[in-house]
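Trainee: Can we go through this one together? I'd like to ask as I look.
Mentor: Go ahead.

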Amino acid sequence: MSNIVKVGMADLKICSSPDGLTTLGLGSCVGIALRDPITKVGGLAHIMLPDSSLVTHGTLNKAKFADTGIDELIRQMVAKGAVKERLKAKIAGGAMMFQIQGKNDLMQVGERNVEATKKKLQQLRIPILANDTGKNYGRTVIFYPESGDFVIKAVGKGENII
Amino acid sequence: MSDFSLDNVSNTYMDVLREIGNIGAGNAMTALSLMLQCRVDMRVPQVRLLDFSEVCSMMGGEEQIMIGVFLGVEGDITGSIMFLIEVNSAKHLISKIMMGMAGAEGDEFNEMELSAMREVGNIISGAYLNSLSMLTNLKIYPSPPSLTVDMAGAILSVPAIEFGILGDKLLLIQSQFYDEVEMNGYFMLVPDLESYSTILNSLGVVLS
């Protein structure tokens, strides 16, 4: 009997086949799915911001940021038997939810989240097998480490598997 | 980067926001009543600092379809303002504005309905900003409104990310307003970091 584990905002979780991982309502946030295709260990992070250096006070929630979130996800997956060199990624989200005239940094945060995610994965030499990012709508994702399927659902757009 | 943290926000700031929320909501209901040509009343707005997950639960979950209207804010302060409303409440308001003209089926909205809703969001947000401007004596100019119909979680990610730099909670003003039908509207003022102190200073609030 397999479970679907829910990942909240600024959160990350790992699981093994046959379980799956889901996060709901990705807007400008990015959902990062990692998988070791041999051991079928998988992880999903729901990150909000590109860079942990933006926060200079308080305790750091690693899952909030692309850089620290990916590091922590890998650390947990390796502890569960994943091999870092075998990891593959799929990403979704980073939408621009509202069009606004004139320049507004907040409006570009989705794009910046996607860029930071890609940059971090590239640094770690983790290939991105598929991505469904940008545009102007929210997404719900479900990730299955058994098959590597990344199911993307959006309002009015049905279901898509990448 | 300032040391301002929303999690430590003082009671005074919350009281100030309640005050603005009250006056702003009052102005908004007057404006809405004029627009709809019928009386719209509201309960005392609740101002709360909440976790993202709590806000989503209040709206019916991260996947609950909501209408979100967003306005950028410029002038003496910069930032943004967002108004969210449930689909049923929106349909009810729109039907009054459209005065019998047909709308789209079910939870869908046609162009005219979206346009009407954008205007409602504009009026309501404008009323709040007016009250903020009057209380603070600051010049505050909203941008034209932008609207989306999407999952609550996705819409809320926008203010959550902005608040996320400061802490892990959202400052939410919830307005229940009603004519024959009870409607729920949610409201968030999201000043840019630098603008927090501008707002508080202008109100004579000293941060501890």
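Trainee: How many residues does each chain put into the contact?
Mentor: Chain B gives 29 residues and chain A gives 30, with two residues in contact if their C-beta atoms, placed from the backbone, lie within 7 Å. This is a predicted model: local features need pLDDT of at least 70 and side-chain atom pairs count only at pLDDT 80 or more, while totals for chains, interfaces and linings use all residues. Residues are numbered from 1 along each chain as its sequence is written, and chains are lettered from A and ligands numbered from 1 in the order in which they are written.

Trainee: Which element supplies the largest share on the chain B side?
Mentor: Helix 5 of chain B, with ten residues. Helices (H or I, at least four residues) and strands (E, at least two) are DSSP runs, numbered from the N terminus.

Trainee: And how do the chain B residues divide by type?
Mentor: The side of chain B that touches chain A has 13 nonpolar, ten polar and six charged residues. Ala, Val, Leu, Ile, Met, Phe, Trp, Tyr, Cys and Pro count as nonpolar, Asp, Glu, Lys and Arg as charged, and the others, Gly among them, as polar.

Trainee: Switching to chain A. Which residues of helix 1 are buried?
Mentor: Ala66(A), Thr68(A), Gly69(A), Ile70(A), Leu73(A) and Met77(A). Buried takes 20 or more other C-beta atoms within 10 Å of the residue's own, exposed 12 or fewer, and partly exposed is in between, with C-beta atoms placed from the backbone.

Trainee: What covers them?
Mentor: The cover includes strand 2, strand 4, strand 5 and helix 2 of chain A.

Trainee: At what angle do helix 1 and helix 2 of chain A pack?
Mentor: About 45°, with their axes 9 Å apart. Helix 1 of chain A is therefore oblique to helix 2 of chain A. Axes are lines fitted to C-alpha atoms, for helices over the stretch in contact, and angles run from 0 to 180 degrees between N-to-C directions. Under 35 degrees is roughly parallel, over 145 roughly antiparallel, 65 to 115 roughly perpendicular, and the rest oblique.

Trainee: Which helix 1 residues meet helix 2?
Mentor: Ala66(A), Asp67(A) and Ile70(A), and their partners in helix 2 of chain A include Asn113(A) and Leu121(A).

Trainee: What comes just after helix 1 of chain A?
Mentor: Gly81(A), with a positive phi of about 110°.

Trainee: Last one. Is Ile38(A) buried or exposed?
Mentor: Exposed, because Ile38(A) has 10 C-beta neighbours inside 10 Å. Ile38(A) sits in the loop between strand 4 and strand 5 of chain A.
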